[in-house]
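Student: I would like a close look at one part of this model. Please take the sheet with antiparallel pairing and what packs on it, then set it beside the other parts you can describe.

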Amino acid sequence: MAAPGQNVAVVVHRAGDLRLENRPIPEPGPNVNLHLSILAWHLLWVLGTAHVLLSQCLRRSVFLQGTFPPFLAEVLLRMHSVGICGSDVHYWQHGRIGDFVVKDPMVLGHEASGTVVKVGSGVTHLKPGDRVAIEPGVPREMDEFCKTGRYNLSPTIFFCATPPDDGNLCRYYKHSASYCYKLPDNVTFEEGALIEPLSVGIHACKRAGVTLGSKVFVSGSDLSASRLQKAKEVGADFTIQVKNETPQEVASKVESVLGCMPEITVECTGVQACIQAGIYATRSGGTVVLVGLGPEMVTVPIVNAAVREVDVRGIFRYCNTWPVAIALLASKQINVKPLVTHRFPLEKALEAFETTKRGEGVKVMLKCDPTDQSP
């Protein structure tokens, strides 16, 4: 077993090549790249006004004097719990997802929580010892998407374990302090790590307009009896196991068990037949939200959707969801604990990835702190 002072990390080098290796323990500080990007934007804005001289611009940019605004500061974390995502397995097995290609060794992991061990200059809302959940996407620049609150769509966003950005499946990791959220005492580290996948669901519900009383069809685990049973355990009213039915037949089954056509379909597979079934199943005037990502090109009954005014919306990760997720977990309105079915210490990460690859259980959790293996 590696010594506690070592920074053991799970690193993918290329397709099929996953390794445990030691990396230097990083030092938290101001995010200089983001600082320079914002400073450049600030300079351009000021220079765009005809009445301001360059010298005045530089005087206004007080960050040049060596001080940095708090939202650029970082913290060093001792990682505790990191869940294995399907994307982690995909990078390991295939070395790429779409246009994101592993060209250099990359640390995996983005579903994570940990403890602050050191704070960088300018951090005021966190201190050593604080337990936090990590939002893996951090904007690199103040572009038009960030200004409108949709920073997840920024084309230059940093995102853990998406080439070329390293993830946090390691013992020590530094991250933007503004994207680390303090966990209440009654929310565990594992719940904190599961805020990442929970956020996908929250963002999908926001995009779909889910409210109390909405009738929702979730397409995702239809082929697995065990996962359908788990869905039932955590709150699904009805489940349908799909075998060889056509998309239209699946839609009819959904209407039969619900007693009506759902107003909203959340499609989580990206499989062509499932997208088709989702459109056919959704009530006229309803909404289909595409969460799962499959082939770039798929055939869908677009005319059926058009003439019935069924809106088809996409989602890309999430934004502004961590506070909502933490509130839901702290108030016990959502219980994600049953989703964790397997736990492995960080040193057995390769075994954990093989378990996930085989499709065993639901969520495999890696425990990164050798002194604390608790949930």
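Tutor: What follows starts with the antiparallel sheet, goes on to a parallel one, and ends with a pocket. Keep in mind that the model is predicted.

Start with the strand order. Three strands make an open sheet, arranged 2-1-6, with antiparallel pairing. Strand 2 (17-22) and strand 6 (106-107) are the edge strands; each has a single partner, so one side of each lacks a neighbour in the sheet.

Now look at the pairing of strand 1 with strand 2. Strand 1 covers residues 8-14, and 6 bridges tie it to strand 2 in the antiparallel sense. Two facing pairs help to fix the register. Val10 sits opposite Leu20 of strand 2. Val12 sits opposite Leu18 of strand 2. The two strands form a hairpin with 2 residues between them. Gly16 in this hairpin has a positive phi, near 80°.

Next, the helices on this sheet. Helix 3 (residues 86-94) lies across strand 1, strand 2 and strand 6. Its direction runs at about 50° to strand 1. Helix 12 (residues 349-357) also packs on the sheet, where it touches strand 1 and strand 2. The direction of helix 12 makes about 150° with that of strand 2.

Turn to the parallel sheet. It is open, has 4 strands, and follows the order 13-14-15-16 with parallel pairing. Why do strand 13 and strand 16 each have one side without a neighbour? Strand 13 (216-219) and strand 16 (311-314) stand at the edges with a single partner strand each, so one side of each is left free of a neighbour in the sheet. Ignoring direction, neighbouring strands here are turned by 15° against each other on average. Inside the sheet, strand 14 (residues 264-267) and strand 15 (residues 287-290) run parallel and are joined by 4 bridges. Ile264 stands opposite Thr287 of strand 15.

Last, the pocket. The second largest pocket has a volume of about 560 Å³. Its lining has 23 residues, and those closest to the centre are Glu74, Phe158, Asp166, Tyr173 and Lys174. Two elements, helix 1 (32-47) and strand 11 (172-176), give two or more residues to this lining. Strand 11 supplies the largest share, 5 residues. By class, the lining of the second largest pocket holds 11 nonpolar, 6 polar and 6 charged residues.

Technical notes: Residues numbered from 1 in each chain as written. Predicted model: local features only at pLDDT ≥ 70, side-chain atom pairs only at ≥ 80, totals over all residues. Heavy atoms only, no water. 1 Å grid on protein atoms, 1.4 Å probe; cavity = no way out; pocket = protein on both sides within 12 Å on 5 of 7 lines; lining within 4 Å. Points joined across faces, edges and corners; volume = space filled by probe spheres on them. Nonpolar A, V, L, I, M, F, W, Y, C, P; charged D, E, K, R; others polar. Pairing = 2+ DSSP bridges. Contact = heavy atoms within 4.5 Å. Axes fitted to C-alpha atoms, helices over the stretch in contact; angles between N-to-C directions.
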